[in-house]
Amino acid sequence: MRRLPAIYALSALAVVLLAVPSGARAAAGAGKEPVAVGSGGAVASMDLGASQAGIDVLKQGGNAIDAAVATASALGVTIPFVAGPGGGGFMVIYLAKTHQVVTINGRETCPAACTPAMFTDPATGQPLGYDDASDQPLATGVPSMVATWASAVSRYGRQPLAADLQPAIGVAERGFRVDPDFVQLTESDLPELRAYPASRALLLTPAGNPLPVGYLLRNPDLARTYRLLARYGPGYLYDGPLGQAIVQADDHPVLTPGQTVVTRPGIMTLGDLRAYQARVQPPTHVRYRGLDIYSMAPPSSSGSTVGEALNILSGYDLSAEPRATALFHYLEASRLSYADRNAYVGDPRYVSVPLSGLLSPAFAATRRCLIGDRALTSPVAPGHPYPPYGACGASQSGPAMSPEGGHTNNIVTTDKWGNIVAYTNTINFFGGSGQTVPGYGFLLNNEMTDFDFAPPSPGAYDPNLPAGGKQPRSSMGPVIALRDGQPVFSVGAAGGSTIITTILQIIVNHVDFGMPLPAALAAPRVSQTNSATSLAEPDFYDSALAGQLASEFGEKFTLATGPILPLDNYPGDATALQVLGHGQAEAIAEPVRLGGGSALVVRPAP
Ligand code: DON
């Protein structure tokens, strides 16, 4: 079980920071600045070294796509618990030359041998425990990160993949100093890391404890892996020796004698790796307050759920409402959209996803009309996103949501040409499956537990059951917003199912409440995912607004002070980008959450 690190708990300092206009805020982590304004290009990520890798590539002549790949690959070195070649993700790209938004679906696939019952215990016939299943090599999907990088740079980059990997190779060789955040991330995954000698050797002391703060951590294995990928291309993984090592590790893991965590080996084959393709697919699109909001289509549920909620909110003038009323509408729109997400979104190559219905303003009207004066009781039932969208849907109860958890990261980049990349990527839980591929220096994902383990009731339809080659539903999906055809901002987030609510709340904060993006991002979060209570960060939970929402509207809150067991679910960290015009951009990272992020620009504004 990965517990959320204590670094998440908002400190007294954080409370002060949240109250201060964001532009003037001091960095939370050593050397990290959460906001940077300037020209020539910009990067925001969780980590200073990773953001610097993106800036290095921009300075060498790479574009935003190259910078995103450089940042993601460097993050695989410096925060291997949330990133790296063993995972996957989704890239949303604004191409300045053609004024187009395109997306790359770089989600992991389930091996061909996957079945709907793969996460059922054969002994009991019952679904496995979520955390137990997530600890297993069985939960590892086909690593898709490298295919995504290769696809992105070959289609839209200005440099070869080899050049984009150079900064990460440098960081892996030179090493970096372990900081308190790194230690806490290690602690969150200790039993799983200890279960694998290769993970112990890379990430723990010989005694199996977290590396001490200040330790110079080099990763020559990962430097070599990136070198091999630079030299031979993605085929080294998808049809080569690295792929063989991944399959061997997944199906026949080398385990520490006496460990008891790992009990279910993987079912991956070289054929699964050969079959993998990162696909370009159209973005989702909705109009909101004159903006064109683009995001990720299924198997991501972000574009459809954020889009549906915004369509519902379009029926209210949030800026003119008392703040508590506006937040009540935000929570109820999110609650209803989540019911539809859970009922209808899965991998569209395997199930029919009514995407145009989910994104239709007419369908949203059938959901909006359910919102009255008091909070609905969750789980609310899904609507009927198929035309004709006539009557107001019934307000009944529906299935509860399956657990989702883990962690991820969002990177935003822009360049001097005006391209923008928003890239949410992950190995799922902190530390993924916990297994380091022996000799290659990176952790494997445990993304397959994003599938539902069983339908909501026996025999019921479920769009998100596992199958061979299928991609599990994701919440990852950053947004790029345009006005009159010109990009204005981008936002993306980590945090499992709260990714969607975080993005939605930041958009509402910024667009409706008029907060500058740094303040919109830093503001205390509250997340409603069709659950009995909304998850509230301490500053929100303790606020007068929360009191008003409870007394006037019947909203209920759970305090997010750390791990919300058994889900490890919490509002995650975000990054954002504001296009300022005249070649200037503002990169925005977290000031506090998860130890704070790093925003950098090529040429800082005076
Ligand atoms: O795809 C998803 O939605 C998750 N596997 C992403 C990982 C994540 O953020 C879970 N985090 N809390």
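# A tour of the predicted model

Begin by selecting strands E13, E14 and E15, which form an open sheet of three strands in that order, with mixed pairing. Strand E13 (526–527) and strand E15 (557–559) stand at the edges with a single partner strand each, so one side of each is left without a neighbour in the sheet. Bear in mind throughout that this is a predicted model. Colour E14 (residues 534–536) next, and you will see that it runs parallel to E15, the two being joined by three bridges; one point at which to check the register is alanine 536, whose bridge partner in E15 is leucine 559.

While still in this region, move to the loop between E13 and E14 and select asparagine 530. Its phi is positive, at about 60°, although the residue is not a glycine, and asparagine 530 is buried, with a relative accessible area of 4%. For context, most residues other than glycine have a negative phi.

**Strands E12, E16 and E17**

Now select strand E12 (residues 486–493) together with strand E16 (residues 574–581), which pair in the antiparallel sense over five bridges; alanine 493 has alanine 574 of E16 as its bridge partner. Adding strand E17 (residues 584–588) shows a further antiparallel pairing, in which E16 and E17 are joined over five bridges, and here alanine 576 stands opposite isoleucine 588 of E17. E16 and E17 make a hairpin with two residues between the strands, where histidine 582 takes a positive phi near 55°.

Just ahead of E12, in the loop that follows strand E11 (479–483), select aspartate 484. Aspartate 484 also has a positive phi, near 50°, but is it buried or exposed? With a relative accessible area of 71%, aspartate 484 is exposed.

**Helix H5**

Go next to helix H5 (residues 145–156), where a distance drawn between the end C-alpha atoms should read 16 Å, in agreement with the 16 Å expected for 12 residues at 1.5 Å a residue. H5 is mostly covered, since 10 of its 12 residues are buried; among them are Met145, Trp149, Val153 and Tyr156.

**Salt bridges**

The whole structure contains 16 salt bridges, and a few of them make useful stops. Select aspartate 239 and arginine 274, whose side chains meet at 2.7 Å, N to O. Aspartate 239 lies in the loop between helix H11 (235–238) and helix H12 (241–251), while arginine 274 belongs to helix H13 (residues 270–275), so the pair ties together parts that are 35 residues apart in sequence. Aspartate 239 counts as exposed, at 53% relative accessibility.

Helix H15 (residues 323–344) offers a local pair for the next selection: glutamate 332 and arginine 335 both lie in this helix, three residues apart, which is about one turn. Residues three or four places apart in an α-helix point the same way, because there are 3.6 residues a turn. The side chains of glutamate 332 and arginine 335 meet in a salt bridge of 3.0 Å, N to O, and both residues are buried.

Keep H15 displayed and add arginine 367, which forms a salt bridge with aspartate 340, the closest N and O atoms being 2.9 Å apart. This pair links distant parts of the chain, with arginine 367 in helix H17 (residues 361–368) and aspartate 340 in H15, 27 residues apart. Arginine 367 and aspartate 340 are both buried. To finish with the charged groups, select Arg525, Glu537, Glu590 and Arg593, which are linked in a network of salt bridges.

**Two cis peptide bonds**

Two proline pairs deserve a careful look at the backbone. The peptide bond from proline 298 to proline 299 is cis, with omega near 20°, and proline 299 lies in the loop between strand E8 (291–295) and helix H14 (302–313). The bond from proline 387 to proline 388 is likewise cis, with omega near 0°; proline 388 is found in the loop between H17 and strand E9 (409–415).

**Confidence along the chain**

Finally, colour the model by pLDDT, which averages 91 for the protein, with 91% of the residues scoring at least 70. Residues 1–28 stay under 50, and for these the model has 72 contacts beyond four places in sequence. Over residues 563–569 the pLDDT is also below 50, and this stretch has 22 contacts beyond near neighbours in sequence.

Key. Residues numbered from 1 in each chain as written. Predicted model: local features only at pLDDT ≥ 70, side-chain atom pairs only at ≥ 80, totals over all residues. Heavy atoms only, no water. Pairing = 2+ DSSP bridges. Helix = DSSP H or I, 4+ residues; strand = E, 2+ residues; numbered from the N terminus. Expected span 1.5 Å × (residues − 1). Buried < 20%, exposed > 50% of the residue type's maximum accessible area, 1.4 Å probe, protein only. Salt bridge = Lys/Arg side-chain N within 4 Å of Asp/Glu carboxyl O. pLDDT = per-residue confidence, 0-100. Contact = heavy atoms within 4.5 Å.
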